[in-house]
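Let's take a friendly walk through a protein, one stop at a time. Have a look at the model first, and then we will begin with a single helix.

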Amino acid sequence: MSRPKQILAGSQMLFVAFGALVLVPLLTGLSVSVALFTAGIGTLIFQLVTKGQVPVFVASSFAFIAPISAGVAQWGVSATMGGLMAAGMVYILLSQIARVGGVETINRYLPPVVVGPVIMVIGLSLAPVAVGMALGYQGDEQVFSTATALMVALPTLLTALLVSVFGRGMLRLLPILCAIIVGYSLSLMMGIVDFAPVREAAWFALPDFVAPSFHWAAILFMIPVAIAPAVEHIGDMVAISNVTGKNYLKKPGLHRTLLGDGLATTAAASLGGPPNTTYSEVTGAVMLTKNYDPRVMTYGACFAIALAMIGKFGALLMTIPTVVMGGIMILLFGSIAAVGMNTLVKNQVDLGESRNLVIVAVTLVFGIGGMVFPFGDFKLEGIALCAVTAILLNLLLPRAAK
């Protein structure tokens, strides 16, 4: 393929990833421009570490939405970024475990019975946030009337549903982007969009980077959260391997892909961006276009970095009303919970076995019920608590004799 065609294909890959990429900073209050910049930098790092062999684009991870929101509220953005840098180190540690012991070693300590319920908690714990935003709430304050909110949120949700189910070709990979366009158009018609940030923003400007600071409580809070997306990374590598007909778990090796993801996440957090993860939407686009050249992702990364420098573009994205986000999140967070359920079903986890039932049951109730273990000024709760609980139960409970 000629270079101009590769550049065009790269812009197309960014377009596919765009909706999901900007959703995380919009929901967590981080800078959209920084998220775009760090997605580009992270993808370049990934391509460098994997020697340009894997057609993968990395960007904002949904698994960290709730932890980032909680971290920012409790410790501020800077300390939260320090915790996310430590989470990136978990990827790096797992990459070395994979290098020495292979995928089997990771699966031994993080089997589906551990990862499945943790992923389910990630989606289900965010359900009240999604519904609240769809009803016009921003935190505890109702900023839009319920009627106005639902007139925007429900058509937004319906758009995402219809595109996901009935979309064909590339359109089917863009449910979030299509939903944002419909929701934003309705918001404009109803006069609930504030363009003041766009008027005040410069045309060209460096993103508002945030330097990390390190607090042990924030670090301990974030570290366990990395476990679920790190294991999902293995599934993504299997998926892209099946699409291209190459075994990326062997060449360049799972240890290199995990290392690339970990370094990308650490680099993103060092600049104030959300953690990175491999994007399945882009894998779907690779399958549709049959364009397996990893250089396409490099061009997509360069486009992301260039967009991050346009100040008014980032400001425009920040004007998307919360009710639009609420409509999208109802489907998105439900889908995350369904992925966790599918992890159990696909791997034939037998819940008739008492050991498996206990692990899943306790993990789900701890996560959805809001269990907290206080240790002085530090509290172990949420997804972090679920990950620790599931891992410990898996290690301590005796396995049934075969």
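Our starting point is helix α3, whose buried residues are Ile-65, Pro-67, Ile-68 and Gly-71. Looking down the axis of α3, you would find these buried residues within an arc of 165°, so they line one face of the helix. Why can residues that are not neighbours in sequence share a face? An α-helix has 3.6 residues a turn, so residues three or four places apart point the same way. The buried residues of α3 pack against α1, α4 (77-109), α10 (216-222), α16 and α18. Just past the end of α3 sits Gly-76, with a positive phi of about 95°. Keep in mind throughout that this is a predicted model.

Next, let us look for empty space. Rolling a probe the size of a water molecule over the atoms shows where empty space is left. The largest pocket holds about 1400 Å³ of space. It is lined by 44 residues, and those closest to its centre are Glu-232, Asp-236, Ser-280, Ser-335 and Val-339. Several elements give two or more residues to this lining, including α1 (3-28), α5 (112-124), α11 (227-244), β4 (276-278) and α16 (322-346). Which helix gives the largest share of the lining of the largest pocket? That is α16, with nine residues. By type, the lining of the largest pocket divides into 26 nonpolar, 13 polar and five charged residues.

The second largest pocket contains about 900 Å³ of space. Its lining has 39 residues, with Leu-27, Ser-69, Val-129, Met-133 and Gly-139 nearest the centre. Here we meet our opening helix again: α3 (65-75) is among the elements that give two or more residues to this lining, along with α1, α6 (127-134), β2 (137-138), α16 and α18 (382-396). In fact, the largest share of the lining of the second largest pocket, five residues, comes from α3. The residues around the second largest pocket divide into 27 nonpolar, ten polar and two charged.

Besides pockets, the structure has one cavity of 30 Å³ or more. The volume of the largest cavity is about 50 Å³. Among the residues that line the largest cavity are Pro-55, Phe-57, Asp-236, Ile-240, Ser-280 and Thr-283. Do you recognise two of those names? Asp-236 and Ser-280 are also among the residues closest to the centre of the largest pocket. Helices α11 and α13 each supply at least two residues of the cavity lining, which divides into seven nonpolar, three polar and one charged.

Now let us zoom in on single residues, beginning with Thr-265 in helix α12 (residues 249-271). Is Thr-265 buried or exposed? Its relative accessibility is 0%, so Thr-265 counts as buried. The side chain of Thr-265 reaches the backbone oxygen of Asn-276 at 3.1 Å. Leaving aside residues up to four places away in sequence, Thr-265 touches Leu-84, Gly-88, Tyr-91, Pro-275 and Asn-276.

Phe-15, in helix α1, has a relative accessibility of 45% and so counts as partly exposed. Phe-15 touches Leu-174 and Leu-177, again not counting residues up to four places away in sequence. How far apart in space are Phe-15 and Phe-303, which are 288 residues apart in sequence? From C-alpha to C-alpha, Phe-15 and Phe-303 are 9.9 Å apart. Ala-361, in helix α17 (residues 354-369), offers another such pair: Ala-361 and Pro-117 are 244 residues apart in sequence and 8.3 Å apart in space, C-alpha to C-alpha. At 35% relative accessibility, Ala-361 counts as partly exposed.

Our last stop is the backbone. Most residues other than glycine have a negative phi, and most peptide bonds are trans. With that in mind, look at Lys-290, which is not a glycine but has a positive phi of about 60°. Lys-290 lies in the loop between α13 and α14 (295-308) and, at 56% relative accessibility, counts as exposed. Gln-348 also has a positive phi, of about 55°, although it is not a glycine. Gln-348 belongs to the loop between α16 and α17, and Gln-348 is exposed, with a relative accessible area of 70%. Finally, a cis peptide bond, with omega of about 10°, joins Lys-251 and Pro-252; Pro-252 lies in helix α12.

Conventions
Residues numbered from 1 in each chain as written. Predicted model: local features only at pLDDT ≥ 70, side-chain atom pairs only at ≥ 80, totals over all residues. Heavy atoms only, no water. 1 Å grid on protein atoms, 1.4 Å probe; cavity = no way out; pocket = protein on both sides within 12 Å on 5 of 7 lines; lining within 4 Å. Points joined across faces, edges and corners; volume = space filled by probe spheres on them. Helix = DSSP H or I, 4+ residues; strand = E, 2+ residues; numbered from the N terminus. Nonpolar A, V, L, I, M, F, W, Y, C, P; charged D, E, K, R; others polar. Buried < 20%, exposed > 50% of the residue type's maximum accessible area, 1.4 Å probe, protein only. Arc of directions from axis to C-beta. Contact = heavy atoms within 4.5 Å. Polar contact = N/O pair within 3.5 Å; in protein donor to acceptor, adjacent residues only side chain to side chain.
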